Amino acid sequence: MVTERPSAQQAVPGRKRGPDAEEPRLRGTRETGGWESAARARISETEWRPRSGQRPEAPRRPALWEQRPLAAATTADAREQARLKTRVVARDTEAWQRDPTFSGLQRVGGLDVSFVNGESSRACASLVVLSYPELKVVYEDSRMVRLKAPYVSGFLAFREVPFLVELVQRLQEKEPDFMPQVLLVDGNGVLHQRGFGVACHLGVLTDLPCIGVAKKLLQVDGLENNSLHKEKIVLLQAGGDTFPLMGNSGTVLGMDILRTSALRLVLLHRNTPQPCLTSLHPQALKSHDRSTKPLYVSVGHRISLEVAVRLTHHCCRFRIPEPIRQADIRSREYIRRTLSQRQESFCAPSQHPHLCPAAGRRGFQEEVT
């Protein structure tokens, strides 16, 4: 004969009901199974459900980009990269590039994308234009963006570059007199898995000279951040010192510099003859006398490596080139200001209306999706 288990609503013999009812006493002892058995008995008197009978959680609905096979997406992006790569011009195309003092260069642009803390899709894209050689900010534009494409190694440009191109196009439409003559971007150019990084992508789409400046070594074509690479970094003694990044293919993929008036090539052995460098040879650069970490400079578009390294060095007041540094500072400040305004509007919408600064010097407040 099977005895039914009393439900939570049924009275249990020998137990008082009401507000004066006493809590059931745990009767677990060493002989009856201990406190663990008593706890299970207490649970069974109220609501009992076997673990195997628990209903599983509903599966998460995939995002839109997750519904498309990632392999198919990267295959299409790789074909697009190969198509755009054929348009890269890895040589000097402007008169100011051929002048040792960069005579004729008046405006240098910097671009950066900063993410909201704790988020991987919400970010701020920023463009600044600096006067040269004073390195004073004469134009800035920032806007909040939402990145829909996932991060895939080797395809970062498809995630960030469209928003940077929009900033350059908006500058061309609103303030053409402030158009930069060269762009510096936080990323790589030909120093890339397929020789077409963010700087190349941006340069080709905007048709402006572009330089890739990275803070970390992208380990491709046999390049490694190993003990040999670190020994070369130690030999960078002063600002402006460089050494080439020679891959297994025999191509120099980048250079390093330091901030000093003298620019010289530094190899692992000082007596080693300097290789013949082409515009496809990135270099490691010690950008500042007090900097212990090099920058990795590579060609993006319409500039030679020698000019790219020299100009990057001339734009460095600190370790990071001033155009990129100012773009990073202003993008982070724009995020802080935008989030603060939204918080104030949420708390007191009647007292804090949504303000939209004028276009041009301070950018717009709309969020791009």
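Here a trainee and a mentor talk through some pockets, strands and helices of a predicted model.

Trainee: How much space lies in the largest pocket?

Mentor: About 680 Å³ of space lies there. The lining has 29 residues, and Y151, L156, D186, G187 and N188 are the ones nearest the centre.

Trainee: What makes a residue part of that lining?

Mentor: A lining residue has an atom within 4 Å of a point of the pocket. Strand 1 (107-115), helix 3 (157-174) and strand 4 (182-186) each supply at least two such residues. Strand 1 gives the most, with four.

Trainee: Which classes of residue are found in the lining of the largest pocket?

Mentor: The lining has 14 nonpolar, eight polar and seven charged residues.

Trainee: Why is another space called a cavity and not a pocket?

Mentor: In a cavity a 1.4 Å probe fits but cannot get out, whereas a pocket is open. The structure holds one cavity of 30 Å³ or more, and the volume of the largest cavity is about 30 Å³.

Trainee: What lines the largest cavity?

Mentor: The lining is made of D186, V213, A214, K215, L295, I320, P321 and I324. Six of these residues are nonpolar, none is polar and two are charged. Asp and Lys count as charged, so D186 and K215 are the charged ones.

Trainee: Why is strand 9 described as largely enclosed?

Mentor: Buried means under 20% relative accessible area. Seven of the seven residues of strand 9 (residues 295-301) are buried, so the rest of the structure largely encloses this strand.

Trainee: How do you know that strand 5 and strand 9 pair?

Mentor: Pairing needs at least two bridges. Strand 5 (residues 210-214) and strand 9 have five bridges, in the antiparallel sense, so they count as a pair. One of the partnerships joins A214 to Y296 in strand 9.

Trainee: What makes the span of helix 3 close to the expected one?

Mentor: Helix 3 has 18 residues and reaches 25 Å from its first C-alpha to its last, and the expected value at 1.5 Å a residue is 26 Å. Among the buried residues of helix 3 are A157, V161, F163 and L164.

Trainee: Why is helix 4 called mostly covered?

Mentor: The cut-off for buried is under 20% relative accessible area. Eight of the nine residues of helix 4 (residues 198-206) are buried, so "mostly covered" fits. The buried ones include C200, H201 and L202. Just after helix 4, D207 takes a positive phi of about 60°.

Conventions:
Residues numbered from 1 in each chain as written. Predicted model: local features only at pLDDT ≥ 70, side-chain atom pairs only at ≥ 80, totals over all residues. Heavy atoms only, no water. 1 Å grid on protein atoms, 1.4 Å probe; cavity = no way out; pocket = protein on both sides within 12 Å on 5 of 7 lines; lining within 4 Å. Points joined across faces, edges and corners; volume = space filled by probe spheres on them. Buried < 20%, exposed > 50% of the residue type's maximum accessible area, 1.4 Å probe, protein only. Expected span 1.5 Å × (residues − 1).
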